Amino acid sequence: MGTGPVVIPAMLVVALLVVAVCFGATATAAAARPSHTDTDAIRLPSSAAAGQPWECCDWVTQDPTFRPPRWRCNDVVDKCSADCQQCEASAAGAGAGFVCRDWIFSLLEPPVCTPRPWDCCDLAACTRDYIPYCRCADKVESCPSNCKECEVVEETDSDPPRYRCLDVFHGYPGPKCTPWISKSN
């Protein structure tokens, strides 16, 4: 019950006819269209005419079932941006503001709006959440101005006192203060 000597050449002829028809249709369409038009450009989701519905977000959720990751911002704002397609009144009640329910696709976590309480951190302690809660354990000469809770950790007579910011930040701890330098032998 094998294939006969006529079946294989017949399948080859049919395949060549299909390729020729597809190539002919493509060539005809290309000849009918003027060259160098806007339709020649490759369009990516990031180059869409509309911008993103939000630039940053403090309360972001990720859809765990969707790949690539998609994110939704749950921040309550006074007015949704013009690029928001699905703007809803906040569940907090009338006059509480609005929430943009649009999803954005990004491999990276969207940036947060609230600045970190520190500029850099060498000793960060973070939870293991996808978007962690972090605290910086660095001992510094003075706490940054945006640190809400600052404690004195070392006080000696010879050295100036050292401080530590006790604020907890929802997001990644940011860059290190001390760059890693390799030692050469």
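I take strands as DSSP runs of E with at least two residues, numbered from the N terminus, and I call two strands paired if DSSP finds at least two bridges between them.

**Setup.** I am working with a predicted model, so I kept in mind that local features need pLDDT of at least 70 and side-chain atom pairs pLDDT 80 or more, while totals for chains, interfaces and linings use all residues. Residues are numbered from 1 along each chain as its sequence is written, and side-chain values use heavy atoms, without hydrogens and water.

**Entry 1, the sheet.** I looked up the strand order and found an open sheet of 3 strands, 1-2-5, with antiparallel pairing. Strand 1 (60-62) and strand 5 (103-105) are the edges, each pairing on one side only. From one strand to the next, the twist averages 35° (axes are lines fitted to C-alpha atoms, with angles from 0 to 180 degrees between N-to-C directions). I then checked strand 2 (residues 70-73), which 3 bridges join to strand 5. Arg 70 has Phe 105 as its bridge partner there.

**Entry 2, Asp 167.** I went on to the loop between strand 9 (162-165) and strand 10 (169-170), where Asp 167 is found. Asp 167 is buried (under 20% relative accessible area, 1.4 Å probe, protein chains only) but has no salt bridge (a side-chain nitrogen of Lys or Arg within 4 Å of a carboxyl oxygen of Asp or Glu). The nearest side chain of opposite charge is Lys 148, 5.2 Å away. I looked at backbone partners next: the Asp 167 side chain reaches the backbone nitrogen of Lys 148 at 2.6 Å, and a polar atom of that side chain lies 2.9 Å from the backbone nitrogen of Glu 149.

Key. Helices (H or I, at least four residues) and strands (E, at least two) are DSSP runs, numbered from the N terminus. Buried means under 20% relative accessible area, exposed over 50%, partly exposed in between (1.4 Å probe, protein chains only). Lys and Arg count as positive and Asp and Glu as negative; His and the chain ends are not counted. A polar contact is a pair of N or O atoms within 3.5 Å; within protein, one must be able to donate a hydrogen and the other to accept it, and residues adjacent in sequence count only if both atoms are side-chain atoms.
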